[in-house]
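Subject: Structure for you to look at

Dear colleague,

I am passing on the structure that we spoke about, and my notes on it follow below. Please read them with the coordinates open, and tell me where you would put things otherwise.

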Amino acid sequence: MSDQEVPVFQIQRVYLKGASLEQPNSPAILLEQESPTVDIQLGVNAGPVADGIFEVTVTATVQTKIKEKTVFLVEATQAGIFEIRNLPPEQMSQVMGIACPQIVYPYLRGNVADLIQRGGFPPVHLAEINFQAMYEQQQQQQAAAAEPAPAAVTQ
């Protein structure tokens, strides 16, 4: 096997791509005694940057509310730049959908907890994520969406 064919997977850099914290109803909402509800959304995205170089991002949106009023809203995107070469397409998709997010996610968890705590709130710790299960679920949804709809039968 020549050097051209040897699979390559290297982390080039992990960085915080963007983060925001909003407290639109402060200070009045801070006097509320009721416990807030917490909604957490996660997303993974991947794309090429250069030949064999890819950026993978994991985004978290954390929103807490009391009744219908937002206590705080945090949006953070953690990114990684990876060199990935000489992999078959199906492995490429798995590496970018499972392995890369697993590397980036712990940094995102720390940054989100820190940002919330620096905003004056108890930290919200994002749960561990099984990126393999998440990837497989996305693949099943894409496969189901690609299936042709049953033809309508007219009589």
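L108 counts as buried, because its relative accessibility is 0%, which falls under the 20% cut-off for that class. The residue is part of helix 1, and, once its neighbours within four places in sequence are left aside, L108 is in contact with L42, V58, T59, A60, A76, T77 and Q78. By contrast with these contacts, G52, which is 56 residues from L108 in sequence, is 24 Å away from it in space, C-alpha to C-alpha. Please bear in mind throughout that this is a predicted model.

L108 also belongs to the largest nonpolar core, which has 29 residues, and it is one of the members that touch the most others, together with V62, F72, I84, V112 and I116. At least two residues of this core are supplied by each of strand 3 (53–66), strand 4 (69–85), helix 1 (89–118) and helix 2 (131–146). The largest share is that of helix 1, from which 10 residues come. V112, another of the highly connected members, is in contact with A60, V62, V74, A76, V124 and L126, again without counting neighbours within four places in sequence. A60 and A76 thus appear in the contacts of V112 as well as in those of L108.

Stepping back to the whole chain, the secondary structure comes to 2 helices and 4 strands, and these elements follow one another from the N terminus in the order β-β-β-β-α-α. The protein chain is more spread out than a compact globule, because its radius of gyration is 20 Å, well over the 15 Å that the globule rule gives for 155 residues. Taken along the principal axes, the C-alpha atoms fill a box of roughly 65 × 60 × 25 Å. Of the 155 residues, 29% count as buried, and the accessible surface comes to about 10,000 Å², with 51% of it belonging to carbon and sulfur atoms. If one takes the contacts between residues at least 6 apart in sequence, 69% of them join residues at least 24 apart. As for charge, the chain has 8 positive and 16 negative charges, and the mean positions of the two sets are 11 Å apart.

Two residues in the strands deserve a separate note. A19 is placed in strand 1 (residues 8–22), and it counts as partly exposed because its relative accessibility is 46%. Not counting residues up to four places away in sequence, A19 touches E75, A76 and L115, so that A76, already named as a contact of L108, is met here again. The C-alpha atoms of A19 and N111 are 8.6 Å apart in space, although the two residues are 92 apart in sequence.

V38, in turn, is found in strand 2 (residues 37–50), and it too counts as partly exposed, because its relative accessibility is 46%. Beyond the residues up to four places away in sequence, V38 touches V62, Q63 and T64; V62 is among the core members that touch the most others. F72, also one of those core members, is 34 residues from V38 in sequence and 9.6 Å from it in space, C-alpha to C-alpha.

Finally, there are three places where I would ask you to look at the backbone. Which residues are joined by a cis peptide bond? The bond in question is that between S26 and P27, with omega at about 5°, and P27 lies in the loop between strand 1 and strand 2. The other two places concern phi. K67, a residue other than glycine, has a positive phi near 55°; it is found in the loop between strand 3 and strand 4, and it counts as exposed because its relative accessibility is 58%. N86 is likewise not a glycine and has a positive phi of about 60°; this residue is placed in the loop between strand 4 and helix 1, and, at 37% relative accessibility, N86 counts as partly exposed.

With best wishes

Definitions and conventions:
Residues numbered from 1 in each chain as written. Predicted model: local features only at pLDDT ≥ 70, side-chain atom pairs only at ≥ 80, totals over all residues. Heavy atoms only, no water. Rg over C-alpha atoms; globule rule 2.2 N^0.38 Å. Buried < 20%, exposed > 50% of the residue type's maximum accessible area, 1.4 Å probe, protein only. Contact = heavy atoms within 4.5 Å. Areas by Shrake-Rupley, 256 points an atom, 1.4 Å probe, with all protein chains shown as cover. Lys, Arg positive; Asp, Glu negative; His and termini not counted. Charge placed at Lys NZ, Arg CZ, Asp CG, Glu CD. Core = buried A, V, L, I, M, F, W, Y, C linked by side-chain atoms within 4.5 Å.
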